[in-house]
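Trainee: I would like to learn how to read the features of a protein model step by step. Could we go through one together, beginning with the way strands sit beside each other?

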Amino acid sequence: QVQLVESGGGLVQPGGSLKLSCAASGSIARFSTMEWHRQAPGKQREWVAGITLGGTTNYGGSVKGRFTVSKDNAKTTVYLQMNSLKPEDTAVYYCHANVGDHWGQGTQVTVSS
């Protein structure tokens, strides 16, 4: 049974930083492209960033240059470093494994003064 568990969300002021983690059971991160998505209230879920098996990263236009996706050497945890946060980054952030289409439960990020 594959499980993805996100953590690291919270309340941060505009311009601040947060680092999200996605702990993947069953070493799924070793076999799958891993992605971060987010969903703001009243909006559709949006793809944010992804990292391939080989470590290639890609970002959505609204976060490029501010967010960085990475994974640890054991390839069981995926991270999303978020800098220069804006109020429009407020959303529930979800971790996703392409292989098997597994989703985490989400972690809330709120950017507000």
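Trainee: Which residue is the bridge partner of Phe67 in S8?

Mentor: The general idea is that strands of a sheet pair through backbone hydrogen bonds, either parallel or antiparallel. In this model, which is predicted, Phe67 has Met82 as its bridge partner in S8. That pair belongs to a longer match, since S7 and strand S8, residues 77-82, run antiparallel and are joined by five bridges.

Trainee: In what order do the strands of the open sheet lie, and which are the edge strands?

Mentor: Four strands make up this open sheet, in the order S1-S3-S8-S7, and their pairing is antiparallel. Strand S1 (4-7) and strand S7 (67-71) are the edge strands, each of them pairing on one side only. If direction is ignored, neighbouring strands of this sheet are turned by 15° against each other on average.

Trainee: How many bridges pair S4 with strand S5, and what lies between these strands?

Mentor: S4 pairs with strand S5, residues 46-51, over five bridges in the antiparallel sense, and within this pairing Met34 stands opposite Ile51 in S5. The two strands form a hairpin with six residues between them, and in the turn Gly42 has a positive phi of about 75°.

Trainee: Where does S5 go on to pair, and which residue takes a positive phi in the hairpin of S5 and S6?

Mentor: Three bridges join S5 to strand S6, residues 57-59, and these two strands run antiparallel; here Ala49 has Tyr59 in S6 as its bridge partner. Their hairpin has five residues between the strands, and Gly55 takes the positive phi, near 95°.

Trainee: Now to single residues: is Arg38 buried or exposed?

Mentor: To judge this, one compares the relative accessible area with a cut-off, and buried means under 20%. Arg38, which has its place in strand S4, has a relative accessible area of 6%, so Arg38 is buried. Its side chain is joined to that of Ser62 by a polar contact of 3.2 Å. When neighbours within four places in sequence are left aside, the contacts of Arg38 include Arg45, Glu46, Phe67, Asp89 and Tyr93.

Trainee: Why is Gly26 described as exposed?

Mentor: Here the cut-off is at the other end, because exposed means over 50%. Gly26 has a relative accessible area of 62%, and therefore counts as exposed. Gly26 is found in the loop between strand S3 (18-24) and strand S4 (34-39). Its C-alpha atom is separated by 12 Å from that of Val5, a residue 21 places away along the chain.

Trainee: How many aromatic pairs does a search of the whole structure find?

Mentor: The search finds one aromatic pair. It consists of Tyr94 and Trp103, whose ring centres are 6.5 Å apart and whose planes stand at 85°, so the pair is edge-to-face. As for accessibility, Tyr94 is buried, with a relative accessible area of 14%, whereas Trp103 is partly exposed, at 34%.

Trainee: Which residue lies over the face of Trp103, and what sits over the ring of Tyr79?

Mentor: For such a feature, one looks at where a charged group stands relative to a ring. Arg45 lies over the face of Trp103, 4.7 Å from the ring centre. Over the ring of Tyr79 sits the charged end of Lys19, at 4.6 Å from the centre of that ring.

Conventions: Residues are numbered from 1 along each chain as its sequence is written. This is a predicted model: local features need pLDDT of at least 70, side-chain atom pairs count only at pLDDT 80 or more; totals for chains, interfaces and linings use all residues. Side-chain values use heavy atoms; hydrogens and water are left out. Buried means under 20% relative accessible area, exposed over 50%, partly exposed in between (1.4 Å probe, protein chains only). A polar contact is a pair of N or O atoms within 3.5 Å; within protein, one must be able to donate a hydrogen and the other to accept it, and residues adjacent in sequence count only if both atoms are side-chain atoms. Contact means heavy atoms within 4.5 Å. Rings of Phe, Tyr and Trp (its six-membered ring) pair if their centres lie within 6.5 Å; planes under 30 degrees apart count as stacked, over 60 as edge-to-face and the rest as tilted. A charge sits over a ring if NZ of Lys or CZ of Arg is within 6 Å of the ring centre and within 35 degrees of the ring normal. Two strands pair if DSSP finds at least two bridges between them. Axes are lines fitted to C-alpha atoms, for helices over the stretch in contact, and angles run from 0 to 180 degrees between N-to-C directions.
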